[in-house]
Amino acid sequence: FIIAAKLLVMVTRVIFENDLQLLLQASFCSLTFDTMGPIGQLKAVLSIGLGVAGATYKSFVAARAYDAGRTRITIPVISLGFVVFACAKVAAAYTHGTNGPESKAACPVGGPNRQWA
């Protein structure tokens, strides 16, 4: 029972607190990236960078604290998957804009550079 409780606490602290928050923050940032100014974009990217560092650190600390074979490595791998996905969302928004490379033709409204093709 104690092992299951420790596992539940680790999953809750790492995945449900840090990783889902990071994924939501990266999603909202990538959706509104074109409408933000340069200072807002910098603040969002720095905030997500701190979230990435916190999630990565917390996943490895939790894995070190919980010693149960394969489960010890499973939680950090899942957590790092969330981190990589969030970083990819922000990188795609930074390089391609909100809707990808075809954003000018696909979306007539949104950011200041949106127009019908």
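**Group meeting: a walk through a four-helix chain**

Okay, let's start at L31, which sits in helix α1, residues 2-32. Helices here are DSSP runs of H or I with at least four residues, strands are runs of E with at least two, and both are numbered from the N terminus. Before I go on, the housekeeping: this is a predicted model, so local features need pLDDT of at least 70 and side-chain atom pairs count only at pLDDT 80 or more, while totals for chains, interfaces and linings use all residues. Residues are numbered from 1 along each chain as its sequence is written, and side-chain values use heavy atoms, with hydrogens and water left out.

Back to L31. Buried or exposed? It's exposed, at 56% relative accessible area. My cut-offs are under 20% for buried, over 50% for exposed, and partly exposed in between, with a 1.4 Å probe and protein chains only. L31 joins L24 and F28 in a nonpolar surface patch of about 340 Å². A patch takes residues with over 30% relative accessible area and no salt bridge; like charges are joined within 9 Å, and nonpolar side chains (Val, Leu, Ile, Met, Phe, Trp, Tyr) within 5 Å. Also, the C-alpha atoms of L31 and K89 are 9.5 Å apart, with their positions 58 residues apart along the chain.

Now the overall picture. The chain has 4 helices and 0 strands, so to speak α-α-α-α from the N terminus on. It has 117 residues, and 30% of them count as buried. The accessible surface comes to about 7,500 Å², with 70% belonging to carbon and sulfur atoms; those areas are Shrake-Rupley with a 1.4 Å probe, and for residues only the protein chains shown count as cover. For contacts, meaning heavy atoms within 4.5 Å, take the ones with a separation of 6 or more: 66% are between residues 24 or more positions apart.

What's inside? The largest nonpolar core has 12 residues, among them L22, C29, F33, I48, V52 and V90. A core is a set of buried Ala, Val, Leu, Ile, Met, Phe, Trp, Tyr and Cys residues joined through side-chain atoms within 4.5 Å. Helices α1, α2 (38-65) and α3 (70-96) each give two or more residues to this core. One core member, A86, touches L22, L23 and A26, if you skip residues up to four places away in sequence. There's a second, separate core of 5 residues, including M10, V14, I15 and A62. As background, nonpolar side chains tend to be buried together in soluble globular proteins.

On to cysteines. C29 is buried at 5% relative accessibility, while C87 is partly exposed at 35%. How many disulfides? The count is 0, where a disulfide is a pair of cysteine sulfur atoms within 2.5 Å.

Charges next. We get 1 salt bridge, by the rule of a Lys or Arg side-chain nitrogen within 4 Å of a carboxyl oxygen of Asp or Glu. The pair is E17 and K58, at 3.7 Å, N to O. That links distant parts of the chain, E17 in α1 with K58 in α2, 41 residues apart. Both ends are partly exposed, E17 at 43% and K58 at 21%.

Last stop, N18, also in α1. N18 is buried, at 16% relative accessible area. Leaving out neighbours within four places in sequence, N18 contacts R13, G54, A55 and K58, and K58 is the salt-bridge partner of E17.
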